[in-house]
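Colleague: I have the model open and a few things to ask about it. Can we go through them here?

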Amino acid sequence: GPHEARDGQLLIRLDLNRKEVLTLRLLLLCRWGVPLPWAVAAGGVSLPGPLSRCCPPSGECYELHVHCKTGFVGYFPATVLWELLGPGEPGSEGAGTFYIARFLAAVAHSPLAAQLKPTTPFKRTRISGNPVKLACVHTPQVPGVTESRPSVLRGDHLFALLSSETHHEDPVTYKGFVHKVELDRVKLSFSTSLLSRFVDGLTFKVNFTFNRQPLRVQHRALELTGRWPLWPMLFPVASRGVPLLPSDVKLKLYDRSLESNPEQLQAMKYIVTGTTRPAPYIIFGPPGTGKTVTLVEAIKQVVKHLPKAHILACAPSNSGADLLCQRLRVHLPSSIYRLLAPSRDIRMVPEDIKPCCNWDAKKGDYVFPAKKKLQEYRVLITTLITASRLVSAQFPIDHFTHIFIDEAGHSMEPESLVAIAGLMEVKETDNPGGQLVLAGDPRQLGPVLRSPLTQKHGLGYSLLERLVAPSCSPVAQRLWDAGKVIFLLLPPRSHPTILDIPNRLYYEGELQACADVVDRERFCRWEGLPRQGFPIIFHGVMGKDEREGNSPSFFNPEEAATVTSYLKLLLAPSSKKGKARLSPRSVGVISPYRKQVEKIRHCITKLDKELRGLDDIKDLKVGSVEEFQGQERSVILISTVRSSQSFVQLDLDFNLGFLKNPKRFNVAVTRAKALLIVVGNPLLLGHDPDWKVFLEFCKENGGYTGCPFPDKLDLQQGQNLLHGLSKLRPSTSGMAGPGSGSARGGGEEDGLTSFLSRAPKSRLPPPGAGGRRWPVPASRARVEE
């Protein structure tokens, strides 16, 4: 039959709903036990063959006909095992079993996915061991840099060593600097001492160094915490009740929609009057409850009612700080200043905040105003680490009257201290000093840690989590009792169905949906829904984890093609009169892998004619979960990518992917306001307890479509199969494990690829169940195709 061998597998390429037959032949070169064939489809389903037990003559050939047919695009692996049984009784010298395995995979590609196949085979590389050519300014390719493998930022330094001198006793090492990071390439520069020796064709070994600056400023923050009296703020006992304004102050809100939410009104009043000082005020709420909206409105009210107030507004990420700037700029255009780090790629900075940031378009570079100039602004906006520049500039300790930290649950506690220690103190006088305000949700994305030592000693807890979770600190209960924590329960963002699973899993069912009915129901009658009225789609795709070239990042062509097809349905001009086309700005696509993000962008901007022809398609955001934290879209599409159990541990090591990461799952599925579409492998995702609940919720409510839903989501069964075949399977970097495909075997009628023997069916004992066995040396049997 039509097939090709790749990475130790036989790939059978299929057209949809067209059957292909592959014949496997086993040739015995001498008289051994009869081979008993087993077809093990993905998911552990065994289809025993019907051969009778006998002692065949040498040279006899056995055939197994594998019938393959599918009505779904995807990658469907299976394993065929021949079990050779010897004639000896159990326990005798002649007893034994020998296995011969053949790994198969049926592949059916959609036309678009076929264009996304790896351009070059994946080749694992180590950057430090690869000779590269260097010049004064050089731009080598650095695989993995987009996913911080290695982490390289502008301003980092590196060391270059002549390849020809690596074995010298005292080789000369040259220090260089990173000028720019562009996707998977970095621009480097070196001193003239290297240029004097450089000739065309000269190669070097390059070692990138770890950027110590963020850790150094965190260590400094810890030292300053002990130098300045911050204990009553970081470990609060009681507030002093000294108001900055009368308690009956009337707040005229910029955002009138907040007037109907009593929790948000209460939070703003506490912040503006400052009665909780020196204890911090904490805005704690699940996704979509308006934490950032409340924070932004509070900043505006402080600027309006306290003329002498100066505010530092921070977030752990650039995207979070950008969002604060965008929302503050509407009413405070001349009062705010966004301070960007020199390592920030200006192309990633939103256009609407460039007029109020430190980018000089004429010079084409970042500038840093004098301290006196910066102090004139009422609101400075930075990331937490960039706030260290204000400490280095020796801003007066009493300059900032308020410090706001959004998404505070996403940073390590020392990282939050960078924006506090050295910029604020607690006074022993009647006036307790500045007001600290934290907003976030400890059940969403937390600090990113890769060291087991840091996790062991508590750096996995953010300052926010320590202060609000009673299990982390006795301080938390005092804060709750004293009313210094406001828990927002009314999520104005999402349809209640979209919030149902996160509400049950993480918030004890306390969330109360109050989103605008017209806004949240706009897709409940969309023609693309499997079931009308249920605005969630889980589209099952049995894809394959792919990598290409030197990049370690993964992508899944079939998932990218499926996401693109949904985008066409959503964004194509409507033929119905009066029904406007959905704006790309209202749609977001989330994927945890940079390569998948790149492939989806390539689909919508280059490959698909309809989508690339839309004038505003560039407004459609495609990014990681971290890039969407704190943001929302009317429609969210998620591509989970992962289809192989073999790579799950790799994801855990590098903090990638969705499996075994409930915080990332929580953030991803709660970004949508009216429609959520998830594209993924149901068999693999079902191994994760949270995803399993979500999958079953979609199935029970008619929201599941795509490949047939697996009958059983049993992780142990797949693990046992992988373990049993691990000694038989050749080690390859790109193959999916046998347990990564369909959960069904059986006949062709179930829609998945079926692997059947053309012979009368009979049940044979499973491997190891007794009977006559005989070991067959590998050199005495051969499998032919």
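Colleague: To start, which residue is the bridge partner of Ile311 in strand 21?

Modeller: His402 is the partner of Ile311 there. Before going on: this is a predicted model, where local features need pLDDT of at least 70, side-chain atom pairs count only at pLDDT 80 or more, and totals for chains, interfaces and linings use all residues. Residues are numbered from 1 along each chain as its sequence is written, and side-chain values use heavy atoms, with hydrogens and water left out.

Colleague: How do strand 16 and strand 21 pair?

Modeller: In the parallel sense, over four bridges; strand 16 covers residues 311-315. Strands (E, at least two residues) and helices (H or I, at least four) are DSSP runs numbered from the N terminus, and two strands pair if DSSP finds at least two bridges between them.

Colleague: What about strand 21 and strand 22?

Modeller: Those two also pair in the parallel sense over four bridges, with strand 22 spanning residues 435-440. Phe404 has Val437 as its bridge partner in strand 22.

Colleague: Are the faces of strand 21 covered or open?

Modeller: Both are covered: His402 and Phe404 are buried on one side, Ile403 and Ile405 on the other. Buried means under 20% relative accessible area, exposed over 50%, and partly exposed in between, with a 1.4 Å probe and protein chains only.

Colleague: Next, the six-stranded sheet. What is the strand order?

Modeller: The order is 26-25-27-28-24-29, in an open sheet with parallel pairing. Strand 26 (621-623) and strand 29 (704-706) are at the edges with a single partner strand each, so one side of each has no neighbour in the sheet. From one strand to the next the twist averages 20 degrees.

Colleague: How many bridges between strand 27 and strand 28?

Modeller: Six, in the parallel sense, with strand 28 at residues 672-680. Ser639 stands opposite Val679 of strand 28.

Colleague: Which strands does helix 23 lie across?

Modeller: Helix 23 (residues 689-700) lies across strand 24 (536-540), strand 28 and strand 29, and runs at about 105 degrees to strand 24. Contact here means heavy atoms within 4.5 Å. Axes are lines fitted to C-alpha atoms, for helices over the stretch in contact, and angles run from 0 to 180 degrees between N-to-C directions.

Colleague: Changing topic, at what angle do helix 16 and helix 17 cross?

Modeller: At roughly 45 degrees, with the axes of helix 16 (residues 557-571) and helix 17 (residues 594-607) coming within 10 Å. The two are therefore oblique to each other; under 35 degrees counts as roughly parallel, over 145 as roughly antiparallel, 65 to 115 as roughly perpendicular and the rest as oblique.

Colleague: Which residues make the contact?

Modeller: Helix 16 contributes Glu559, Ala560, Val563, Thr564 and Leu567, and helix 17 contributes Gln596, Ile600, Cys603 and Ile604.

Colleague: Any odd backbone spots? Which bond joins Arg277 and Pro278?

Modeller: A cis peptide bond, with omega about 5 degrees. Pro278 sits in the loop between helix 5 (262-273) and strand 15 (281-284).

Colleague: And Val641, is that residue buried or exposed?

Modeller: Val641 is buried, because its relative accessible area is 0%. Val641 has a positive phi of about 70 degrees although it is not a glycine. The residue lies in the loop between strand 27 (633-639) and helix 20 (648-653).

Colleague: Same question for Asn17: buried or exposed?

Modeller: Asn17 counts as exposed, at 53% relative accessibility. Its phi is positive too, near 60 degrees.
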